[in-house]
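This briefing introduces a structure through its sheets, its helix packing and its core. Please look over the sequence and the model before reading the points grouped by topic.

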Amino acid sequence: MKRENLEWKDRKRNFLGLPWTFTKYALDKDRLFIETGILSSREDEVRLYRITDLTLTRSLWQKIIKTGTIHCDSADKTMKNFDIKNIKNASETKEILSNFVEEARRKNRVYARESMEYEYEDGDVELEDDNH
């Protein structure tokens, strides 16, 4: 994943907290990228303005090895809910991501309403499915 202007990047860590996995995460001011695999790889991306909620979880073991998992809910069609698993400095990363999400939502004029209806700059309106 060779991109310019990345604000953050990390790898998923193994159970010892070492970055010996084939999942890479990267963040720029508009998108979050998740690349998985070695022989056969896949790269997903989500526009930050489509992220609707962030949750940080840290198990006892993750606290010991100083990692955490950020759960993201999204209005993206292909990446509804996903995790950024076992990353270092998870709390700081969640704050960075949260700030970029808010900025992207302002920049793209995306407004979330209490009914969980999303209005995009182009006038499209999307309703969140209550049947998760």
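In this predicted model, strand 5 and strand 6 run antiparallel and are joined by six bridges. Within this pairing, threonine 55 stands opposite histidine 71 in strand 6.

**The sheet of three strands**
- Strand 5 and strand 6 belong to an open sheet of three strands, which has the order 5-6-7 and antiparallel pairing.
- Strand 5 and strand 7 stand at the edges with a single partner strand each, so one side of each is left without a neighbour in the sheet.
- From one strand to the next, the twist in this sheet averages 20°.
- Helix 2 lies across strand 5, strand 6 and strand 7, and runs at about 170° to strand 5.

**The sheet of four strands**
- Another open sheet is formed by four strands in the order 1-2-3-4, again with antiparallel pairing.
- Its edge strands are strand 1 (8-11) and strand 4 (42-47), each of which pairs on one side only.
- Strand 2 and strand 3 pair over five bridges in the antiparallel sense, and tyrosine 25 stands opposite isoleucine 34 in strand 3.

**The largest nonpolar core**
- The largest nonpolar core has 22 residues, of which Leu32, Leu48, Ile51, Phe82, Ile84 and Leu97 touch the most other members.
- Strands 2, 3, 5, 6 and 7 and helix 2 each supply at least two residues of this core, and helix 2 gives the most, with five residues.
- Leaving aside its neighbours within four places in sequence, leucine 32 is in contact with residues including Trp8, Ala26, Val46, Leu48, Phe82 and Ile84.

Terms used. Residues numbered from 1 in each chain as written. Predicted model: local features only at pLDDT ≥ 70, side-chain atom pairs only at ≥ 80, totals over all residues. Heavy atoms only, no water. Core = buried A, V, L, I, M, F, W, Y, C linked by side-chain atoms within 4.5 Å. Buried < 20%, exposed > 50% of the residue type's maximum accessible area, 1.4 Å probe, protein only. Contact = heavy atoms within 4.5 Å. Pairing = 2+ DSSP bridges. Axes fitted to C-alpha atoms, helices over the stretch in contact; angles between N-to-C directions.
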